[in-house]
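This report is a first guide to the model shown below. Please look through the sequence and the structure before reading on.

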Amino acid sequence: MNEYRMLSTSGILGYGYAEESLRIGMSWNPHVIGCDGGSTDPGPYYLGSGKSFTSRLSVKRDLRLMLQAAVAAKIPCIIGTSGGSGGEPHLQDTAALVREIAREDGLSFPMALIHSEQDKASLIARVERGATRPLAKLPPLDRATIERAERIVGMMGPEPIARALDQGAQVILAGRSSDPAQWAAPAMRAGMPAAPSWYAGKMLECGAEPSVPKEPDNIFVWVRDDHIVCEPPNPIRRSTPLAVANFALHENSSPIHHTEPGGLLDTSECRFEAISDRSVKISGMTWLDAAEYTIKLEGVERAGYRTITICGTRDPVLIGQIDDYLSVHREKVAAKAASFGVPPSDYTMVVRTYGKDGVMAGWEPERTIRAHELGFIIEVVGKTQDIANAVLAMARTSMLHADFPGRLCREGNMAFPFSPSDIEMGPLFRFSIFHVVTPNDPFEMFPIEHEAV
Amino acid sequence: MARIRDIAQVCKSKNAGPFMVTIDVLFEDHDLYRQVKATGVLNAGLFARLYGVNEADVLFTPYDTAAAFKATLPRLVPAGDIGDTDVYGAQQHAPLLDVEVPVNLQPR
């Protein structure tokens, strides 16, 4: 084969796309369609809680159109990082949605679920064999960190996805997967070389991002022996060299070296050429097989329970002395919390000041406040939800009523926009595992389960 | 002299994983990119100063193909951890906008 065609429907399954884009894209005869289902970008909560950051209603809409199109065209439909984080609850929720759509629409197809949640005992055995190493300056992985984790996933490469296709699946729901892997898998399985197959994956992983105007929508990629071509089906969009260049830098630490489970995609010699006013040819990518196959692990642990409140001040006297006010406020809260039995070690309070440094915190170079109003989010993370609620309630009332020099607004210092004012946010998770593991082979950590839908 | 905000087409930040943030500056005009690159103003040391991190922790890469500069540095707080202000890392680019580069702008 000297050409392989792939259609990606959106940035993330559930972010939406134009139905007309899918109709046009399908008329270009893709060999496979799909969409990335997730990311770590929305933060650690979703992996920890087992919930998705996308809504069931919008995911169902995006999935329904894709399943109808794939069944009609008799081509595979592949979803990467199902349910947002690719853990077992995320995968099962997505599978339930697929079954529900199939039942409603009278569709039937062979489906594969590829599991990526890792059991703690097997990971501890891997640590003890010395098969793990840290990323991003984290400490080496140990038994205690694994035992504390709420949920841990491995990020699969293309091999389990290709195997599920070999075994006859038409709809594939992958757990956590490297973003380009769901595209590299079918392209390489069809005989295309690794370099353009992986690069195609990089261009497809966020839908229409390598086009302008930038908005969640479809993107279509033609993979050929030594290059790829990228074009958005929607006639209102255009892929341009600048749009492709912009996207080539997306979410990677290096623009030229992209580490994947089995090797390295080197884009240092790439060329971007406009071949029409709305399509771009990319060539010059190379692939280097890694000396050892590695799988990235992502895990989160519970760091406490959070409650927040939102308020603002319009008082210039207070704004002029806000730093002093907030440090006095912190002392008052500590004293009052101690008086009802909560020591400082049981909670952390953070006051975010919008209009000052709410966006950049310690990185904010602008030290002068020019705003006529300031917004605050007061946040308390406690050892328990009760502690967080209690300290936050005290922090809220202290913020409203505390005295300060020159105070004229003696009925209250803050405008609270909501009743109830205090918002219980539940458990707070933090990323605790960001390590790589060398598995025995690319498949053993990712069991494939087939079913007839 | 010209400010980055007046000569670049893209200046953006985003997470590169939960522990790093990556900042990109792109130029549509490859000649202008080459001029900016030749001044040497954009380098790891600049990002270290703007963000108060060690220069050794800044991965700085000019990418000629894309007429772009990329700098990746450790986040102040891991994404979503206590005290993080920007879970996606999407609003950490502003200090770069006012950096001045000694290039001569031709009227376009």
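The sections below go from the model and chain A to the domains, the chain contact and the salt bridges.

## Basis of the model

This is a predicted model, in which local features need pLDDT of at least 70 and side-chain atom pairs count only at pLDDT 80 or more, while totals for chains, interfaces and linings use all residues. Residues are numbered from 1 along each chain as its sequence is written, chains are lettered from A and ligands numbered from 1 in the order in which they are written, and side-chain values use heavy atoms, with hydrogens and water left out.

## Chain A as a whole

Chain A contains 13 helices and 19 strands; helices (H or I, at least four residues) and strands (E, at least two) are DSSP runs numbered from the N terminus. Along the principal axes, the C-alpha atoms of chain A fill a box of roughly 80 × 55 × 50 Å.

Of the 453 residues of chain A, 58% are buried, where buried means under 20% relative accessible area, exposed means over 50% and partly exposed lies in between (1.4 Å probe, protein chains only). Contacts (heavy atoms within 4.5 Å) in chain A with a separation of 6 or more are made up to 77% by residues 24 or more positions apart.

## Two domains in chain A

Chain A has two parts: domain 1 (4-116 + 156-294 + 438-452) and domain 2 (302-432). These bounds come from an automatic or database domain assignment. Between the C-alpha centres of domain 1 and domain 2 of chain A the distance is 42 Å.

Six residues of domain 1 of chain A are in contact with four residues of domain 2 of chain A. The two domains bury about 450 Å² between them, with 84% given by carbon and sulfur atoms; buried area is the accessible area (1.4 Å probe) that two parts lose on being put together, summed over both. On the side of domain 1 of chain A, Pro44(A), Tyr45(A) and Gly48(A) lose the most area to domain 2, together 76% of what that side buries. By class, this side of domain 1 of chain A has two nonpolar, four polar and no charged residues. Ala, Val, Leu, Ile, Met, Phe, Trp, Tyr, Cys and Pro count as nonpolar, Asp, Glu, Lys and Arg as charged, and the others, Gly among them, as polar.

How many salt bridges are there between domain 1 and domain 2 of chain A? The count is zero, where a salt bridge is a side-chain nitrogen of Lys or Arg within 4 Å of a carboxyl oxygen of Asp or Glu. The count of residue pairs in polar contact between these domains (both at pLDDT 80 or more) is also zero. A polar contact is a pair of N or O atoms within 3.5 Å; within protein, one must be able to donate a hydrogen and the other to accept it, and residues adjacent in sequence count only if both atoms are side-chain atoms.

## Contact between chain A and chain B

Chain A gives 40 residues to the contact and chain B gives 43 residues. Together the chains bury about 3600 Å², 65% of it on carbon and sulfur atoms. Three salt bridges cross the interface of chain A and chain B. Asp57(B) and Lys137(A) form a salt bridge, with their closest N and O atoms 2.6 Å apart.

The interface also holds 14 residue pairs in polar contact (both at pLDDT 80 or more). On the side of chain A that touches chain B, helix H10 (241-248), strand S12 (271-276), strand S16 (347-354) and strand S18 (422-437) each supply at least two residues. The largest share of that side, five residues, comes from S18(A). The residues of this side of chain A divide into 22 nonpolar, 12 polar and six charged.

## Salt bridges within the chains

Over all chains the count comes to 45 salt bridges. One of them joins Arg224(A) and Glu3(A) at 2.8 Å, N to O. Arg224(A) is in the loop between strand S8 (219-223) and strand S9 (227-231) of chain A, and Glu3(A) is in the segment before strand S1 (4-8), 221 residues apart. Arg224(A) is partly exposed, with a relative accessible area of 25%.

Asp105(A) forms a salt bridge with Arg64(A), with the closest N and O atoms 2.7 Å apart. Asp105(A) lies in helix H4 (residues 88-105) and Arg64(A) in helix H3 (residues 56-73) of chain A, so the pair ties together parts 41 residues apart in sequence. Asp105(A) is partly exposed at 26% relative accessible area, and Arg64(A) is partly exposed at 21%.
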